[in-house]
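Q: Please take a close look at a single residue and its surroundings. Then work outward to the parts around it.

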Amino acid sequence: MSGQKFPSLDQKEQTHHGGYFFPLKRYLTTLSDLYPSVAAHWHEEAELTMVTKGRCTYQIQFETYEAREGDILFVPPASLHSISIFSGEIFESETYVFHMNFLGAGTTDICTVRYFTPLLKQELHLPELIGKDHPVYDGLFQVFRELDPAYENMAPGYELVMKSLLLRALALLLPYGTEEASVPHLQEEHWFKLRMVVEYIGEHYAEDLTIPQLAKLCYFSEYHFMRFFKKYMGMSCLEYIKTLRLEKAAGLLGRGDTSVLDASLSSGFSNLSYFYREFKKKYGMTPKQFIEAIPKGGLEPHKFQ
């Protein structure tokens, strides 16, 4: 077991999950102190995840959830989401990432009109964290038990099996969904601006980034922008940029073929001493110690890196 209501195409994660005819892929994710978080991102596909070890903090849109072993999470299409773990813990999960077209969202029938289209437009909100005490937990757990062998064995007809299981998962969640005909204009505008800034940072993290520059993207004053960003992201903008840069550097070092200096410069750190200090503060070890701690064969980063 990984102003408009949607972010712009420029904000889209570029990873392809599965192929055109079979837009589904399973990811086994491990996060630890070596790789403790996944920066905020979005993609067209939905996700159905089961936490198989440890606990973490999921942020989906502007909602924050603490998920622990056994919990199931549903991430709707085109939703900004991120993951972080608690220091000293190891987190593992199994995720099925699938495009709604695989389930039939591209056709015109009653299911598309009543369920898929409202879900894609974020007018229908399904439960995002399903704990063991939720009424549909047992049913979703059984879905995972059947998804795994179908995905692994790929027996004739397994695509139909997986399609039917994911449809069953949505059908289980639907009675507990809520409809929202419209989003308040201010909240809609904030969603758009936050995603725009997060995506801009993701594309330009290796360059010099300043608060005035980012505030200008939102047409906010610097003071308003800093308050706005911290309110929704839970950290200051500068802290977010630094964290993202450190994660990118760790990802480069984890490949085993990048020097500390190159990883530092490629991730936006022009001062090597500062990079060493902040890296040790975040990971509890120097970059060189980090390289030595990498398992043989390299560090497997999260699917979205």
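A: Two residues are in contact when they have heavy atoms within 4.5 Å of each other. The model is predicted.

Start with Ser82. Ser82 is part of strand S7. Is Ser82 buried or exposed? Its relative accessibility is 14%, so Ser82 counts as buried; the cut-off for that class is under 20%. Which residues does Ser82 touch, leaving out those up to four places away in sequence? They are Val38, Ala39, Ala40, Thr57, Tyr58 and Gln59.

Next, the sheet that holds S7. Four strands make up an open sheet, ordered S2-S7-S4-S5, with antiparallel pairing. Its edges are S2 (37–41) and S5 (63–68), and each of these strands pairs on one side only. From one strand to the next, the twist averages 20°. Between S2 and S7 (residues 81–85) there are 3 bridges, in the antiparallel sense. Within S7, His81 stands opposite His41.

Now the other sheet. This one is open too, with 5 strands in the order S1-S8-S3-S6-S10 and antiparallel pairing. S1 (24–31) and S10 (129–130) are the edge strands; each has a single partner strand, so one side of each has no neighbour in the sheet. S6 (residues 72–75) and S10 run antiparallel and are joined by 2 bridges. One pair can be named: Ile72 has Ile130 in S10 as its bridge partner. Helix H2 (residues 137–153) packs on this sheet. H2 touches S1, S3 (46–53), S6, S8 (91–98) and S10. The directions of H2 and S8 make about 80°.

On to the nonpolar cores. In soluble globular proteins, nonpolar side chains tend to be buried together. The largest nonpolar core here has 33 residues. Leu24, Phe74, Phe98, Met100 and Met162 touch the most other members of that core. Each of S3, S6, S8, H1 (110–120), H2 and H3 (158–173) gives at least two residues to this core. A second core, separate from the largest one, has 23 residues, among them Ala40, Phe228, Met233 and Leu244. Ala40 was met above as a contact of Ser82.

Phe228 leads to a helix pair. Two packed helices are described by the angle between their axes and by the distance between those axes. For H5 (residues 211–218) and H6 (residues 222–233), the axes come within 9 Å and cross at roughly 85°. The two helices are therefore roughly perpendicular; that class spans 65 to 115 degrees. Which residues meet? H5 brings Ile211, Pro212, Leu214, Ala215 and Cys218. H6 brings Glu222, Phe225, Met226 and Phe228. By class, this contact has 8 nonpolar residues, 1 charged residue and no polar ones.

Last, Thr243. This residue sits in helix H7 (residues 237–254). At 16% relative accessibility, Thr243 falls in the buried class. Outside its neighbours within four places in sequence, Thr243 is in contact with Met235 and Lys282. Thr243 can also be placed against Phe279: the two are 36 residues apart in sequence, and their C-alpha atoms are 9.3 Å apart in space.

To return to the start: Ser82 is a buried residue, and it lies in S7. Its contacts include Val38, Ala39 and Ala40.

How values were computed
Residues numbered from 1 in each chain as written. Predicted model: local features only at pLDDT ≥ 70, side-chain atom pairs only at ≥ 80, totals over all residues. Heavy atoms only, no water. Axes fitted to C-alpha atoms, helices over the stretch in contact; angles between N-to-C directions. Parallel < 35°, antiparallel > 145°, perpendicular 65-115°, else oblique. Nonpolar A, V, L, I, M, F, W, Y, C, P; charged D, E, K, R; others polar. Pairing = 2+ DSSP bridges. Core = buried A, V, L, I, M, F, W, Y, C linked by side-chain atoms within 4.5 Å. Buried < 20%, exposed > 50% of the residue type's maximum accessible area, 1.4 Å probe, protein only.
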